[in-house]
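Visitor: I would like to learn how to read the packing of a protein model, going from one feature to the next. Could you guide me through it?

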Amino acid sequence: MNIVALGIDLGTSAVKCVLTRNGQVIGTGSFDLCVSSPQAGWSEQDPADWIDAVQRAAQSAIQAAKISAQEIGGISLSGQMHGAVILGADNAVLRPAILWNDNRSIAECAALLQRLPNIGEIAGVPPLPGFTAPKLMWLKTHEPEVFARIRTILLPKDYIALWLSGERSCDRSDAAGTLWLDQSARAWGPELIAASGIDAAWLPPLHDGCDPVGTLTRHAADALGIAADIPVFAGGGDAAAGALSIGAASAGKCFISLGTSGQLLVVDNAYRPNPGQYVHAFCHTLPGLWYRMAAMLNGARPLSWFAGVLDCSVTELLEQAECANPARVPLFLPYLTGERSPHGDPDIRAAFYDLDDATGRPEMCRAVVEAIAFMMRDARDSFGDSFAPRGPIPVIGGGSRSDLVLQTLANALDHSVARTSGGAEGPAFGAALLAEVGLGLRSIDALSFDTPLTDVFEPCYDPLLDLRLARYRKLYQTLKAGI
């Protein structure tokens, strides 16, 4: 068949569009976004900028694919989770969207946990300031005039769906990150909604990822330069859509993502909450599936941060790390923006420790690499004995490009890891695959596949690494106690 699917991923730093035909990428396009931080700890974007970026990225993808725009038969979406898009009458945007990495609602998280102590069992994770519900509680207290005008609350990608189709919608995997979804029931939770003090009527209807939510309006079609009336599908939050991009669509599939943030994700066929370790137990975007995810705010970000401090490239940083004296490597805590899994600690910050006059650049660079591996070891251990992957763990994201990072990761995990040839297009590709399912071009079962592995890294026992892991954990506890 010649029908083309369009997947749109609304990221924090860019919108990315992917065009697929029969599961193969035929064109991509992207357009950068900016984040505003009007106060310390705040993170916001103007939804109007998203619409402009979608148009530009889609047009770039169409040009790259060298196809007729009329060949596009359906659209699906992915996007940054947890954001709050606040709409009033006639779907007017009332204020900038509050994003996933906004930390203003710490006090509201404590209040929400006090009101509903078992919230982690119902919503899949205890309250953290990144999630949507505490943002609305903050809004009620600090911007009551805006709160009084609310008629609709949408997640970021669903605002794009509203612009495309004119319909309010949300898929269950994105709704999972709001603290309003009863994960077991896969429905909005009345207890959760009441505890956060919002009106249930503000929340959109729920869907699975390949469900149609409407059709492309003439206005949006003209703006994109494609045919009107084609179906728009619900899509998924970026974690779930990213999982689909490497075939994680059946129970037991797992992978590690090392982008700006980091994730260790395992797909389940039942709801398995573990709130004590801040493991996110969320609905997948496919019916009958959930996933558990250790979500780290920092991922491979410490590499680019320290490269900036040293005024060098990440490649140069990694080259220096290769030259480190293994006996002289200090400790580094990678918590540049606090941490979620397994600590649930928005206040902890990054730190070097155990520097002396023999510590050089190579050793400090190596400490940053090791910290990424230690962070992921903490994530793995937070799953307990239930985490038993079969074969090498696939690793995707920018951090997977480094042999040193992957070997250190394998050593710290005491389990083989592998670079993959799939997943490069990430959540936008996953969204396009959902559109193909919705269009009847592939089955849901076909979304579960084994992504090809290109390089496998087997663990090598390193007693110095083991020693530093133990001291790394003790350092976190010591600093936490002193904050």
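**Reading the packing**

Guide: Let us begin with a pair of helices in this predicted model: L303, S304, F306 and A307 in helix 11 meet V314, L317 and L318 in helix 12. By class, six nonpolar residues and one polar residue make up the contact of helix 11 with helix 12, with no charged residues.

Visitor: How is the geometry of such a pair described, and what are the values for helix 11 and helix 12?

Guide: Two packed helices are described by the angle between their axes together with the distance between those axes. For helix 11 (residues 301-310) and helix 12 (residues 314-322), the axes come within 9 Å and cross at roughly 95°. Angles of 65 to 115 degrees count as roughly perpendicular, and helix 11 and helix 12 are therefore roughly perpendicular to each other.

Visitor: At what angle does helix 12 pack with helix 13, and which residues make the contact?

Guide: Helix 12 and helix 13 (residues 361-382) pack at about 105°, with their axes 7 Å apart, and they are therefore roughly perpendicular to each other. Helix 12 contributes L317, L318, Q320, A321 and E322, while helix 13 contributes R361, P362, C365, R366 and V369. By class, this contact of helix 12 with helix 13 has six nonpolar, one polar and three charged residues.

Visitor: Turning to single helices, why is helix 15 described as largely enclosed by the rest of the structure?

Guide: The reasoning rests on burial, where buried means under 20% relative accessible area. Twelve of the 13 residues of helix 15 are buried, so this helix is largely enclosed by the rest of the structure; among them are F429, L433, L434 and also E436. Its length can be checked as well, because at 1.5 Å a residue the 13 residues of helix 15 (residues 426-438) should span 18 Å, and the end C-alpha atoms are 19 Å apart, which agrees. Just after helix 15, G440 takes a positive phi of about 80°.

Visitor: What covers the buried residues of helix 4?

Guide: In helix 4 (residues 132-142), eight of the eleven residues are buried, so the helix is largely enclosed by the rest of the structure. The buried residues are T132, A133, P134, K135, L136, M137, W138 and L139, and what covers them includes strand 6 (85-87), strand 7 (97-98), helix 2 (106-115), helix 5 (144-147), strand 8 (152-154) and helix 8 (190-196).

Visitor: Which residues touch the most other members of the largest nonpolar core?

Guide: That core has 67 residues, of which L136, I150 and W180 touch the most other members. Not counting residues up to four places away in sequence, I150 touches I86, L87, L94, L136, L139 and W202. A second, separate core holds 54 residues, including L264, A371, M375 and L409.

Visitor: Is S165 buried or exposed, and which residues does S165 touch?

Guide: S165, which is found in helix 6 (residues 156-165), counts as buried at 8% relative accessibility. Setting aside residues up to four places away in sequence, S165 touches V213, G214, T215, T217 and V232. The C-alpha atoms of S165 and R218 are separated by 9.1 Å, although these residues are 53 residues apart along the chain.

Visitor: Where is R168 found, and which residues is R168 in contact with?

Guide: R168 is found in the loop between helix 6 and strand 9 (170-171) and is partly exposed, with a relative accessible area of 27%. Beyond its neighbours within four places in sequence, R168 is in contact with R151, T152, L162, A201, W202, L203, P204 and P205. From R168 to T152, 16 residues apart in sequence, the C-alpha to C-alpha distance is 8.5 Å.

Visitor: Finally, what should I note about the backbone at K66, H82 and P342?

Guide: K66 has a positive phi of about 55° although it is not a glycine, and phi of H82, also a residue other than glycine, is near 75°. K66 lies in the loop between helix 1 (47-65) and strand 5 (72-79) and is exposed, with a relative accessible area of 77%, whereas H82, in the loop between strand 5 and strand 6, counts as buried at 5% relative accessibility. The peptide bond from S341 to P342 is cis, with omega near -5°, and P342 is found in the loop between strand 20 (331-333) and strand 21 (351-353).

Note on methods: Residues are numbered from 1 along each chain as its sequence is written. This is a predicted model: local features need pLDDT of at least 70, side-chain atom pairs count only at pLDDT 80 or more; totals for chains, interfaces and linings use all residues. Side-chain values use heavy atoms; hydrogens and water are left out. A nonpolar core is a set of buried Ala, Val, Leu, Ile, Met, Phe, Trp, Tyr and Cys residues joined through side-chain atoms within 4.5 Å. Buried means under 20% relative accessible area, exposed over 50%, partly exposed in between (1.4 Å probe, protein chains only). Contact means heavy atoms within 4.5 Å. Helices (H or I, at least four residues) and strands (E, at least two) are DSSP runs, numbered from the N terminus. The expected span of a helix is 1.5 Å times one less than its number of residues. Axes are lines fitted to C-alpha atoms, for helices over the stretch in contact, and angles run from 0 to 180 degrees between N-to-C directions. Angles under 35 degrees count as roughly parallel, over 145 as roughly antiparallel, 65 to 115 as roughly perpendicular and the rest as oblique. Ala, Val, Leu, Ile, Met, Phe, Trp, Tyr, Cys and Pro count as nonpolar, Asp, Glu, Lys and Arg as charged, and the others, Gly among them, as polar.
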